[in-house]
Amino acid sequence: MLWKLPPKIKIYEALGSIADNRISVSDNSAEVYSSSRKKKYTVQYNPEKNAIMANDNASYWAGYLGYPSIAFLLVKGIIDYDSK
């Protein structure tokens, strides 16, 4: 399955989760907390297949990459960005 293009707001949510230190990355997986820190999302990445799985609502129900996955890809350097 190919992902749909996410809404732009998901990029800002991902950047916010990085800036707030709500993402914990371990090798090819991550835990990302919501802004209220009441929900925890898990992300798993397979670099050999360039495949990613996540349990956030956008990824699970809407078919586009949600902010936890985008944050993971940014932190791991898979998607380039200026951290400043």
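Here are some notes on this predicted model, going from the sheet to the helix that covers it and then to the surface.

1. Start with the sheet. Four strands make it up, it is open, and the order is β1-β2-β3-β4 with antiparallel pairing. β1 (23-26) and β4 (51-54) sit at the edges with a single partner strand each, so one side of each has no neighbour in the sheet. On average, neighbouring strands are turned by 15° against each other, direction ignored.

2. Next, the β2/β3 hairpin. Strand β2 (residues 29-33) pairs with strand β3 (residues 40-46) in the antiparallel sense, over five bridges. If you want a landmark for the register, look at Y33, whose bridge partner in β3 is K40. Six residues lie between the two strands, and R37 in that turn has a positive phi of about 65°.

3. On its other pairing, β3 meets β4 over four bridges, again in the antiparallel sense. Here N46 has A51 of β4 as its bridge partner. This hairpin has four residues between the strands, and N50 takes a positive phi near 50°.

4. Which residues of β3 are on its covered face, and which on the uncovered one? Y41, V43 and Y45 are covered, while K40, T42, Q44 and N46 are not. In general, side chains in a regular strand alternate between the two faces of the sheet.

5. Now the helix. α3 (residues 67-75) lies across β1, β2, β3 and β4, and runs at about 50° to β3. Eight of its nine residues are buried, namely Y67, P68, S69, I70, A71, F72, L73 and L74. The cover over these buried residues includes α1 (8-19) and α2 (57-62), along with β1, β2, β3 and β4. Just after the helix, G77 takes a positive phi of about 80°.

6. S69 deserves a look of its own. This α3 residue has 1% relative accessibility, so it counts as buried, the cut-off being under 20%. Leaving aside neighbours within four places in sequence, S69 is in contact with V43, I52, A54 and S59. V43 is one of the residues on the covered face of β3.

7. How many salt bridges does the structure hold? There are three. The side chains of K10 and E13 meet at 3.0 Å, N to O; these two are three residues apart in helix α1, which means about one helical turn separates them. K10 is buried at 15% relative accessible area, whereas E13 is partly exposed at 30%.

8. D20 and R22 form another salt bridge, at 3.4 Å, N to O. D20 is partly exposed, with a relative accessible area of 41%, but R22 is buried at 6%. The pair of K40 and E31 has its closest N and O atoms 3.4 Å apart. Both ends are partly exposed there: K40 has 41% relative accessibility and E31 has a relative accessible area of 32%. K40 is also the bridge partner of Y33 from point 2, and belongs to the uncovered face of β3.

9. Last, the surface. I9, I11, Y12, L15 and Y81 make a nonpolar patch of about 470 Å². Y81 comes from the segment after α3 and counts as partly exposed, at 33% relative accessibility.

How values were computed: Residues numbered from 1 in each chain as written. Predicted model: local features only at pLDDT ≥ 70, side-chain atom pairs only at ≥ 80, totals over all residues. Heavy atoms only, no water. Pairing = 2+ DSSP bridges. Axes fitted to C-alpha atoms, helices over the stretch in contact; angles between N-to-C directions. Contact = heavy atoms within 4.5 Å. Buried < 20%, exposed > 50% of the residue type's maximum accessible area, 1.4 Å probe, protein only. Patch = residues over 30% accessible without salt bridge, like charges linked within 9 Å, V, L, I, M, F, W, Y side chains within 5 Å. Areas by Shrake-Rupley, 256 points an atom, 1.4 Å probe, with all protein chains shown as cover. Salt bridge = Lys/Arg side-chain N within 4 Å of Asp/Glu carboxyl O.
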